[in-house]
Every structure is written in C-alpha cells, then in structure tokens.
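Q: Got a minute to go through this structure with me? I'd like to start with the strands, then move on.

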Amino acid sequence: MKALIRITLKPGVLDPQGKAIEGAIGALGIAGVGEVRQGKYIEVDLGAADEAAARATVERMCKDLLANTVIENYAYDIVR
Amino acid sequence: MIRACVIVFPGSNCDRDVKVAIEAVTGRPVQMVWHGDSEVPASDVIVLPGGFSYGDYLRCGAMAANSAIMRDVIAKANAGTPVLGICNGFQILTEARLLPGALMRNASLKFICRDVTLRCETDDTPFTRCYRTGQVITLPIAHADGNYFADQETLDRLEGEGRVVFRYCDAAGSVSAAANPNGSQRNIAGICSENRRVLGLMPHPERLHERLLGGTDGRRMFESLLVGFAEAMSA
C-alpha cells in the first residue's frame with residue numbers, strides 16, 4: 001500500500017511563495033489565473049495489513065512530523 | 001558555577017559562536033551535546049543554536065524537533081530548566097511545541113542578513129533581566145524563515161501574558177510595518193513560554209557580544225543568565 005499525502009497551508013495563512021508563483025504565471029502571459037497556493041506532496045510506501053491500519057499510521061506521521069498543524073492542513077489517499 | 005550546554009544538530013552553524021559568547025561572559029566551559037544523545041547533562045541553561053539543522057528539510061526545525069536529544073530537552077524545559085533557542089533554535093522550539101506559533105518563509109522570500117533594531121518588551125525572563133523593558137537594542141538577523149505566525153487568539157494570549165519578548169522596531173523604538181524585516185505578525189522577533197523560562201528569538205545575540213564584533217547588545221542576554229544564577233545560589 002502507498003499513501004499519497006498532500007500538505008497545504010491553512011486558509012488565511014499568507015503564502016508568499018504562492019504569490020510569487022502567481023506573478024510568474026502572469027509573466028508568462030497566461031491570463032485568467034486567480035490565487036495560487038502551493039504545498040507539498042509526499043508518497044510513503046506502507047507495510048500495513050489493511051487500509052484502516054494504513055490510515056492510522058499515516059494520521060500519526062502527518063500529525064507528528066509531515067505537517068505542522070499550526071499552519072498546515074493535510075489530506076491523503078491510500079492506494080494499492 | 002553556572003553550567004550551560006549547547007545542543008549540536010547536523011547543520012548547526014552557530015553552536016561554537018554561542019559557546020564562545022557564553023564562555024566569555026561566564027568564564028565557565030560550555031558543554032556541547034550531540035543531537036543523537038538521549039540525555040542532556042545537568043545544566044542551568046540549554047541552548048539550541050542557529051544554523052540549518054538537517055538542511056532545513058521538510059520544514060525548518062522539523063527534523064531536529066524529533067531528534068533523540070529533544071525528548072530530554074522537552075522534559076527538562078517542562079521541569080523548569082531555562083532553554084534559549086536562537087534563529088534555527090527558535091524554529092526547533094516551535095516545531096517541538098515548547099513555544100506556540102510557527103516561523104514561515106519571509107514575506108519578501110529573501111534571505112535577510114543584516115542588523116535590525118529591536119525593542120525589549122519585558123525584562124521578566126531569565127534572558128532579559130539585564131535589559132530594560134522598552135530598551136532598543138541592535139542585533140543581527142540571518143534567516144529566510146523568520147516570519148512569525150500564530151492565530152489571532154494565540155497572539156492575543158501572548159500579548160496579554162506579556163510573552164512577546166522582542167519586537168522589530170525602528171531606531172527610535174517605534175514598531176511599524178517599515179521596521180518589520182520579514183512579515184512577522186505584530187513585529188514579533190521573540191517570545192517566551194508560559195513559565196517564562198523558554199525563550200525563542202530570530203536575532204543572534206551571540207553575534208554581537210563584544211566590541212570587536214561591532215557591538216555588545218547581545219552580551220546582556222548571557223549576563224542575565226549569570227545574574228539570575230548568582231541570585232539563585234545566594235537565595
């Protein structure tokens with residue numbers, strides 16, 4: 001099993017990197033682009049027995065390390 | 001005899017600077033403690049130095065906050081040992097949840113390395129008793145991720161409890177957007193814990209602790225420790 005984890009800044013937390021990317025997209029001459037928010041994508045191979053066990057493991061690693069829940073949200077999919 | 005120790009992480013680069021600064025003030029050798037050790041030796045103060053621990057991978061300070069030694073640093077902090085986190089050390093303290101909030105990428109997205117003026121907002125910590133509340137001092141900053149963030153409720157609580165210890169200001173002591181180098185909420189440069197014994201700050205006191213370095217405003221932070229220690233001994 002594999003966890004596909006996305007980490008994004010919470011709404012309302014300023015994202016200067018997203019802002020810079022937004023400006024760079026504009027500089028390409030691409031119109032119609034609204035707000036850009038950037039984050040992280042992490043893939044983790046898991047040896048879990050079933051999906052429930054995999055979810056419990058991923059929750060723990062997200063809360064304790066992969067995301068800083070003061071400023072970030074996380075979401076994930078478990079795939080085979 | 002005051003016992004200070006400095007925790008050394010892979011990528012720390014101000015560990016020896018702060019050792020030199022503390023030894024210059026206290027006249028006592030400072031012990032260096034490796035991040036892989038499980039126990040901090042008996043200490044009157046623990047310092048988490050500046051640098052780029054673990055290459056700033058994942059988030060600044062995130063890996064270091066989970067290193068073996070930090071379990072004991074957290075335990076000792078909770079038991080009342082003063083802990084000072086400078087720059088990357090401040091980032092580690094927030095990641096370890098010893099201090100609230102987080103340090104995000106500078107609003108300018110630039111690495112900023114220059115002297116800044118700061119207002120000391122409270123002399124009521126073991127690290128600031130030799131400053132005066134309201135005193136304006138000069139210390140250097142050198143960081144890409146020093147943009148202090150916390151939610152409004154946390155900020156209000158920090159202010160209400162007098163836990164904002166340093167704020168970026170102009171030379172006259174006025175706290176303004178123009179004097180904010182990195183976008184920090186409410187110009188916050190340093191905060192302390194609820195028991196006031198854990199201080200995290202982005203500026204580097206160890207880089208201005210003697211005249212040869214261009215200034216001595218950082219020296220009083222280490223003198224503060226010495227004064228507090230002497231008082232505790234004579235009590």
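Q: In which sense do strands S10 and S11 of chain B pair, and over how many bridges?
A: This is a predicted model, to be clear. S10 (residues 188-192) and S11 (residues 198-201) of chain B pair in the antiparallel sense. They do so over three bridges.

Q: Which residue is the bridge partner of B:Gly190?
A: B:Leu201, in S11(B).

Q: What's the strand order in that sheet of chain B?
A: S2-S1-S3-S4-S11-S10-S9-S6-S7. That's nine strands in an open sheet, with mixed pairing.

Q: Which strands stand at the edges?
A: Strand S2 (31-34) and strand S7 (136-143) of chain B. Each has a single partner strand, so one side of each lacks a neighbour in the sheet.

Q: And what's the average twist from one strand to the next?
A: It averages 25°.

Q: Switching to helices. At what angle do H1(B) and H6(B) pack?
A: About 55°, with the axes 9 Å apart. H6 covers residues 219-234 of chain B.

Q: Why is that called oblique?
A: Angles of 65 to 115 degrees would be roughly perpendicular, and those under 35 roughly parallel. About 55° fits neither, so H1(B) is oblique to H6(B).

Q: Is the crossing left-handed or right-handed?
A: The crossing of H1(B) and H6(B) is right-handed.

Q: Which residues make the contact?
A: H1(B) puts in B:Ala21, B:Ile22, B:Val25 and B:Thr26. H6(B) brings B:Arg219, B:Phe222, B:Glu223 and B:Leu226. By class, that contact has five nonpolar, one polar and two charged residues.

Q: Where does B:Ala24 sit?
A: In helix H1 of chain B, residues 15-26. Its C-alpha atom is 9.9 Å from that of B:Glu223, although the two are 199 residues apart along the chain.

Q: What does B:Ala24 touch, leaving out residues up to four places away in sequence?
A: B:His209 and B:Glu210.

Q: Why does B:Ala24 count as partly exposed?
A: B:Ala24 has 13 C-beta neighbours inside 10 Å. Buried needs 20 or more, and exposed means 12 or fewer. So 13 makes B:Ala24 partly exposed.

Q: Last topic, the contact between the chains. How many residues come from chain A and chain B?
A: Eight from chain A and eleven from chain B.

Q: Which element of chain A gives the most to the side touching chain B?
A: Helix H1 of chain A, residues 16-27, with three residues.

Q: And how do the residues on that side of chain A divide?
A: Six are nonpolar and two are polar. No charged residues there.

Methods:
Residues numbered from 1 in each chain as written. Chains lettered and ligands numbered in written order. Predicted model: local features only at pLDDT ≥ 70, side-chain atom pairs only at ≥ 80, totals over all residues. Contact = placed C-beta atoms within 7 Å. Helix = DSSP H or I, 4+ residues; strand = E, 2+ residues; numbered from the N terminus. Nonpolar A, V, L, I, M, F, W, Y, C, P; charged D, E, K, R; others polar. Axes fitted to C-alpha atoms, helices over the stretch in contact; angles between N-to-C directions. Parallel < 35°, antiparallel > 145°, perpendicular 65-115°, else oblique. Left-handed = near helix turned anticlockwise from the far one by under 90°. Pairing = 2+ DSSP bridges.
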